[in-house]
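Reader: I should like to learn how to read the features of a protein model. Could the discussion begin with a single helix?

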Amino acid sequence: MSTEGFAPKIERVEVSALQTLKLENLPFGKYFTDHMLVADYSAGEWRDVRIEPYRSFDIHPSMSALHYGQAIFEGIKAFRTSDGGVAIFRPSENLKRFNRSAARMEMPEVPAELFLDGMRELIRLDQAWVPDFPEHSLYIRPFMFATDHYLGVRPSETYRFMIILCPSGPFFMEPQRIFVERHYVRAVEGGVGYAKTAGNYGASMHAAAEARKLGYDQVLWTDPVEHRWVQEIGMMNVFFRIGDKVVTPGLDAGTILHGVTRDSLIALLKEWGWTVEERAISLDELHEAYDAGQLKEVFGSGTAASVSMIRELGFEDRSMVFDPASFELANALRKGLSDIREGRVADTHGWLMRVL
Ligand SMILES: Cc1ncc(COP(=O)(O)O)c(C=O)c1O
């Protein structure tokens, strides 16, 4: 499949659902655009690439993704730019991560043409769905799942790749209360923590639900052996401003997701002259910094929320509380990132892939 050869079959909707929907302040993940992209993999090749009306499809009860969890996904955003165009933020990074997830789950690679040209073509078709309000975006969800009709435990020989789109309003804007999780675990070295695979999210829900019962919004995961080293928050990477440095957990252990937002914030921070340390961070270090008045800001980063302020790190015994109104750096990062994503400043990093 080459870029020039990228010509999906297109079946258009007869009447757009936009006729009865207003794009302002839609909740995340509930409303989908008129079309979706679909491709099927068999005999070692991706074939039958098509764009169809968004609709449900039949599933065989023995479909292997339902049983053994060979399923991966990505989350990306497209924005209306200030010149009236539409741009996608760093989708090539998501493609790399998607294929790393695929390799870990023994699933086939998805070529750039299918992933990148596919989403571009789909968004062009559904361009009227990209909201034009502050902090709004079009969320792009590429995903792949195993489709063999077979109950034997082995990698599937057939897969489906799809891209669906949903317009969404601002997400996670309120500062978060985070429970520091020291019982349940998300990821171990040698495991699948760095892969964006469905099971990671299914397995995280119980801990998040327990934390919610205590009044928290999400959990901060710690390492599985000592519950002492910080990993990441729910669906976000985590940053700490300690004195005049910024620290964030490193990627070497393979236990956290290589966040595209994380990488973008680190790049901005370095350009702004900050020292950024990517390394192991212990809860002891955080407690010491907090007691010394040096733990100045805590924030999460992710595609959905961009930069999300943390107002509490909760423990069973003693909690750390923060005043997000004083988070100058996190606020500057949020603004800096949204200025780039929405085209208000020059894209000096080449982070935007234009659709229109
Ligand atoms: C577990 C996890 N960590 C971190 C992130 C942040 O990654 P990104 O900035 O690429 O959205 C996400 C969201 O995709 C996530 O699901």
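**Reading a helix and its surroundings**

Author: Let us begin with burial along helix 2, in what is a predicted model. The buried residues of this helix are Pro91, Asn94, Leu95, Phe98, Ser101 and Ala102.

Reader: Where do the buried residues fall when helix 2 is seen down its axis?

Author: They fall within an arc of 125°, so the buried residues of helix 2 line one face of the helix.

Reader: What span should helix 2 have, and how far apart are its end C-alpha atoms?

Author: Helix 2 covers residues 91–104, which is 14 residues, and at 1.5 Å a residue these should span 20 Å. The C-alpha atoms at its ends are 20 Å apart, in agreement with that expectation.

Reader: Which residue follows helix 2, and what is the sign of its phi?

Author: Glu106 follows helix 2, and its phi is positive, near 60°. Phi is also positive in Asp48, near 55°, and Asp48 is a residue other than glycine. Asp48 is found in strand 3, residues 45–53. It counts as partly exposed, because 13 C-beta neighbours lie inside 10 Å. His227, likewise a residue other than glycine, has a positive phi near 50°. His227 lies in the loop between strand 10 (218–222) and strand 11. With 15 other C-beta atoms within 10 Å, His227 is partly exposed.

Reader: I should now like to turn to the interior. How many residues does the largest nonpolar core have, and which have the most contacts inside it?

Author: The general idea comes before the case. In soluble globular proteins, nonpolar side chains tend to be buried together. Here the largest nonpolar core has 43 residues, and Ile72, Ala78, Ile88, Met119, Ile123, Ile140 and Met144 have the most contacts inside it. Helix 3, residues 112–125, supplies the largest share of this core, namely six residues. Another core lies apart from it; this one has 39 residues, including Ala187, Val219, Leu257 and Ile310.

Reader: Which residues does Ala78 touch, not counting those up to four places away in sequence?

Author: Ala78 touches Val86, Ala87, Ile88, Ile123, Val130, Ser137, Leu138, Ile140 and Val355, with residues up to four places away in sequence left out of the count.

Reader: Is Ile233 buried or exposed?

Author: The method is to count the C-beta atoms around the residue. Ile233 is buried, because 28 other C-beta atoms lie within 10 Å and the cut-off for burial is 20 or more. Ile233 is found in strand 11, residues 230–233. Leaving aside neighbours within four places in sequence, Ile233 is in contact with Ile178, Gln218, Leu220, Val238 and Gly300. The C-alpha atoms of Ile233 and Glu181 are separated by 9.7 Å, while the two residues are 52 residues apart along the chain.

Reader: How many C-beta neighbours does Arg279 have inside 10 Å, and how does it count?

Author: Arg279 has 10 C-beta neighbours inside 10 Å and therefore counts as exposed. Its place is in the loop between strand 14 (275–278) and helix 6 (283–291). Not counting residues up to four places away in sequence, Arg279 touches Val247 and Gly250. Arg279 and Ala128 are 43 Å apart in space, C-alpha to C-alpha, and 151 residues apart in sequence.

Reader: Is Lys296 buried or exposed?

Author: Lys296 is buried, with 20 other C-beta atoms within 10 Å. This lysine is found in strand 15. From C-alpha to C-alpha, Lys296 and Arg12 are 52 Å apart in space, and they are 284 residues apart in sequence.

Reader: Finally, which residues come nearest to the ligand?

Author: There are 13 residues around the ligand, of which Gly259, Val260, Thr261, Gly302 and Thr303 come nearest. Helix 5 (260–271) and strand 15 (295–302) are the elements that give two or more residues to this shell. The largest share of the shell, three residues, comes from helix 5.

Reader: How do the residues of the shell around the ligand divide into nonpolar, polar and charged?

Author: The shell around the ligand has four nonpolar, seven polar and two charged residues.

Conventions:
Residues numbered from 1 in each chain as written. Predicted model: local features only at pLDDT ≥ 70, side-chain atom pairs only at ≥ 80, totals over all residues. Core = buried A, V, L, I, M, F, W, Y, C linked by C-beta atoms within 7 Å. Buried ≥ 20, exposed ≤ 12 C-beta atoms within 10 Å, placed from the backbone. Helix = DSSP H or I, 4+ residues; strand = E, 2+ residues; numbered from the N terminus. Contact = placed C-beta atoms within 7 Å. Near = placed C-beta within 6 Å. Nonpolar A, V, L, I, M, F, W, Y, C, P; charged D, E, K, R; others polar. Expected span 1.5 Å × (residues − 1). Arc of directions from axis to C-beta.
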